[in-house]
Amino acid sequence: MPILNTLDDQVAASGAVGQFPDRMEERHASFMGMWAFLATEMLFFGALFTAYAVYRIHYGEAFTQTSKVLSVFWGAANTAILLVSSLTVAHAVRASRLKRKAECGLWLGTSALLGLLFLGIKIMEWATDAREGHLPWGSLGFNPPGLHPEAERIFLNLYFIMTGIHGLHLFIGIGLLVSLAVRMRRNRLSDAPELPVEIAGLYWHFVDIVWIFLYPLFYLAGR
Amino acid sequence: MFSSLKAKMSDVPSARTLNVAGLSLLVLLALTTAVAYLPFSHGKLIIALGISWVKMLVVALVFMELRQAGKTIWVFAIAGFLWIAVLAGLTLADFLTRISPAG
């Protein structure tokens with residue numbers, strides 16, 4: 001029978017992980033915590049979607065007109081990119097569970113690249129909007145696309161705020177995936193490397209779902 | 001409860017399942033976009049949002065593995081929707097029933 005000298009030895013022998021009695025309970029707590037966080041994120045975006053609904057009901061005509069300044073091509077391309085990135089993240093989770101670290105790192109890297117491509121296209125779109133005078137803020141030379149400048153301002157405000165906050169979420173997601181890929185490569189993850197990949201994956205899929213709704217509301221509203 | 005959670009959550013999905021889900025998402029995206037160009041104006045956005053709900057369900061059930069998740073996870077997922085329903089419901093109940101003093 002081994003001699004358990006220190007408290008650490010005793011904890012290790014009991015199978016405990018950090019503050020958890022075992023891996024199973026760590027897993028349970030991690031998933032529940034992430035879903036609780038995602039529920040608060042749903043409310044955060046839910047408030048913005050509700051604001052969209054209220055103004056859309058009041059200014060339906062102006063909203064459909066202003067929507068036409070956005071490019072359906074780039075909106076659809078970006079949606080496809082995010083959907084494919086969700087698929088590659090799901091493959092990363094699968095590979096992590098199969099303990100295929102190199103494959104997992106490859107999927108994570110691919111997903112991060114797709115995320116960067118999305119952000120690149122989004123920044124290009126924002127730059128085009130700025131050039132064409134669609135930034136709805138006072139001193140930036142707002143050039144209303146239609147006959148209802150105030151309602152058009154509201155649509156474009158919602159567009160920039162919602163896609164901007166979504167972009168910020170995606171940027172954080174890219175950081176998560178890159179850091180996981182690097183730590184996976186350097187073998188810096190614990191003996192249960194799938195857990196952080198699964199948790200980051202949940203976040204990535206959530207950000208994808210938000211865009212799934214932003215796309216029709218902003219890009220397709222005027223077609 | 002914990003043992004069932006581990007057994008289910010650690011299941012490795014088949015690559016085929018994931019690819020079929022990914023492909024169906026792209027088909028649904030094409031469908032959403034095509035609907036927007038149909039030659040009528042009313043209700044197209046509602047259809048597009050309906051398809052978006054289907055896309056969301058594919059992502060949540062397959063990629064986020066809600067299918068296999070335990071009851072506590074479902075409670076959090078459903079709670080998110082319930083609170084949005086309260087938030088949006090009460091907000092719209094105000095805005096949709098306002099009467100302008102000017103008539």
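**A two-chain interface and its salt bridges**

In this predicted model, the side chains of Glu65(B) and Arg97(A) form a salt bridge, with 2.7 Å from N to O. Side chains of opposite charge can pair when their charged atoms come close. Across the interface of chain B and chain A, the rule finds one salt bridge. Polar contacts add to the picture: six residue pairs, both members at pLDDT 80 or more, are in polar contact across the interface of chain B and chain A.

On the chain B side, four helices each supply at least two residues to the surface that touches chain A: α1 (2–9), α2 (15–36), α3 (44–63) and α4 (71–95). Of the elements of chain B, α4(B) gives the most to this side, with 13 residues. By residue class, the side of chain B that touches chain A divides into 34 nonpolar, 10 polar and five charged residues.

The extent of the contact can be given for both partners. Chain B contributes 49 residues and chain A contributes 47 residues. Between them, the two chains bury about 4300 Å², and 82% of this area is on carbon and sulfur atoms.

Helix α4(B) also takes part in a feature of the surface. Leu43(A), Trp83(B), Val86(B) and Leu90(B) form a nonpolar patch there, with about 410 Å² of accessible area together. The patch thus has members from chain A and from chain B. The most is given by α4(B), with three residues; Val86(B) is among the residues found in this helix.

Over all chains, the structure holds nine salt bridges. One of them lies within chain A, where the side chains of Arg27(A) and Glu198(A) meet at 3.0 Å, N to O. Arg27(A) belongs to helix α2 (residues 23–58) of chain A and Glu198(A) to helix α7 (residues 194–220) of chain A, so this pair ties together parts that are 171 residues apart in sequence.

Notes:
Residues numbered from 1 in each chain as written. Chains lettered and ligands numbered in written order. Predicted model: local features only at pLDDT ≥ 70, side-chain atom pairs only at ≥ 80, totals over all residues. Heavy atoms only, no water. Contact = heavy atoms within 4.5 Å. Buried area = accessible area lost by both parts, 1.4 Å probe. Salt bridge = Lys/Arg side-chain N within 4 Å of Asp/Glu carboxyl O. Polar contact = N/O pair within 3.5 Å; in protein donor to acceptor, adjacent residues only side chain to side chain. Nonpolar A, V, L, I, M, F, W, Y, C, P; charged D, E, K, R; others polar. Patch = residues over 30% accessible without salt bridge, like charges linked within 9 Å, V, L, I, M, F, W, Y side chains within 5 Å. Areas by Shrake-Rupley, 256 points an atom, 1.4 Å probe, with all protein chains shown as cover.
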